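Here is a short set of exercises to work through with the model open in your viewer. Try each task on your own, then compare your steps with the solution.

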Amino acid sequence: MADNRTEFTVKLADIPVRIHAIWPEMRRFLRDYLTEEEAELSIVTRQEDIERERVMSAKTRAAEGRPQIKCSDAYLETLAIYRKLAEALVERDVLLFHGSVVAVDGEAYLFTAKSGTGKSTHTRLWREAFGERAVMINDDKPLLRVSREGVRAYGTPWNGKHHLGCNGSAPLKALCILERDKLNHVERISAEDAFPRMLQQCYLPEDGEKVEKTLALLERMSQCVKLYRLGCNMDPEAALVSYQGMQEEA
């Protein structure tokens, strides 16, 4: 029997959040993250939130030259919920980031790049190269929790068109900016070099104070996570070159 409840609690980035949704599809969408723990935050969606996502989606597609599509209210509510979560979670030192995260031997590696560059293809090469040692955390929009101990990457159900990810997490060892190239090579880069791309790929809240908090978290993240630039083709060798290049201890 289908569970059509629209109020429920999920645990994302180790934070229990009460969801007050409109469509029962939201519970099914978030089913792997359901929890009975007492909520620390509350997210409420309304029809105007859905309509706003519809307008924003149409504008984005127009700006990118992509054809318009008709999106269901239920799908648009998933976007509205994640936007509200991103706005709320930044106060708990959690960032919504656009990238593909794979963990190997319990350590996470985040690859970020412009859309269409090949993030998902590259992390697929990692999974093929490392087999059971590799776990896909999230292929599109992971959550990153920044603390004094470092950064931890978390899976979410917003995991890309191939739905690759899990309800799991791992400490983030490295962030790598991926670029296409004929030859595979990886090099360490400075926080100053990485920060503009990190800023582009991170969700920026609408509230000014939360923007400042986001910038501070990105700055802290750039200081405690190793940063790299990877030039790669899509040959299987690319996975080994990037992995080995990010094992330096200095």
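Which residues line the second largest pocket? Before the solution, two notes on conventions. The model is predicted, so to speak of local features a pLDDT of at least 70 is needed and side-chain atom pairs count only at pLDDT 80 or more, while totals for chains, interfaces and linings use all residues. Residues are numbered from 1 along each chain as its sequence is written, and side-chain values use heavy atoms, with hydrogens and water left out.

**Exercise 1. List and classify the lining of the second largest pocket.**

Step 1. Set the terms: on a 1 Å grid over the protein atoms alone, a pocket is an open set of points where a 1.4 Å probe fits, with protein on both sides within 12 Å along at least five of seven lines, and lining residues have an atom within 4 Å of a point.

Step 2. Read off the lining: Arg28, Phe29, Arg31, Asp32, Tyr33, Thr156, Pro157, Asn159, His163, Gly165, Cys166 and Asn167.

Step 3. Sort by class, with Ala, Val, Leu, Ile, Met, Phe, Trp, Tyr, Cys and Pro as nonpolar, Asp, Glu, Lys and Arg as charged, and the others, Gly among them, as polar. The result is 4 nonpolar, 5 polar and 3 charged residues.

Step 4. Add the volume, about 230 Å³, where a volume is the space filled by probe spheres set on the grid points, which are joined across faces, edges and corners.

**Exercise 2. Describe the largest pocket and find which helices contribute to it.**

Step 1. The volume of the largest pocket is about 1700 Å³. Among its 41 lining residues, Arg66, Tyr75, His98, Asp140 and Lys141 are the closest to the centre.

Step 2. Helices (H or I, at least four residues) and strands (E, at least two) are DSSP runs, numbered from the N terminus. Helix H2 (47–64), helix H3 (73–89) and helix H4 (119–130) each provide at least two lining residues. H2 gives the most, with 6 residues.

Step 3. By class, this lining holds 14 nonpolar, 15 polar and 12 charged residues.

**Exercise 3. Follow threonine 156 from the second largest pocket into its surroundings.**

Step 1. Threonine 156 is one of the residues lining the second largest pocket, and it sits in the loop between strand E9 (150–154) and strand E10 (169–180).

Step 2. Is threonine 156 buried or exposed? Its relative accessibility is 0%, so it counts as buried (under 20% relative accessible area; exposed is over 50%, partly exposed in between, with a 1.4 Å probe and protein chains only).

Step 3. Look for contacts (heavy atoms within 4.5 Å), skipping residues up to four places away in sequence: threonine 156 touches Tyr33, Tyr82, Asn138, Lys141, Pro142, Leu143 and Cys166.

**Exercise 4. Compare the settings of leucine 125 and glutamate 37.**

Step 1. Leucine 125 lies in helix H4, whereas glutamate 37 lies in the loop between helix H1 (25–29) and strand E3 (41–44).

Step 2. Leucine 125 is buried at 4% relative accessible area; glutamate 37 is partly exposed at 38% relative accessibility.

Step 3. Beyond neighbours within four places in sequence, leucine 125 contacts Met234, Asp235, Pro236, Ala238 and Ala239. The C-alpha atoms of leucine 125 and alanine 238 are 7.6 Å apart, though 113 residues separate them along the chain. With residues up to four places away left out, glutamate 37 touches Thr9, Lys11 and Pro16.

**Exercise 5. Examine the backbone at alanine 13 and aspartate 105.**

Step 1. Recall the background: most residues other than glycine have a negative phi.

Step 2. Alanine 13 has a positive phi of about 55 degrees, and aspartate 105 also has a positive phi of about 55 degrees.

Step 3. Alanine 13 is in the loop between strand E1 (7–12) and strand E2 (15–20), and is buried with a relative accessible area of 2%. Aspartate 105 is in the loop between strand E5 (100–104) and strand E6 (107–112), and is partly exposed at 47%.

**Exercise 6. Put together the overall picture.**

Step 1. The protein has 7 helices and 12 strands.

Step 2. Its radius of gyration, taken over C-alpha atoms, is 18 Å, close to the 18 Å from the globule rule (2.2 Å times the number of residues to the power 0.38) for 250 residues, so the protein is as compact as a globular protein of that length.

Step 3. Buried residues make up 48% of the 250 residues.
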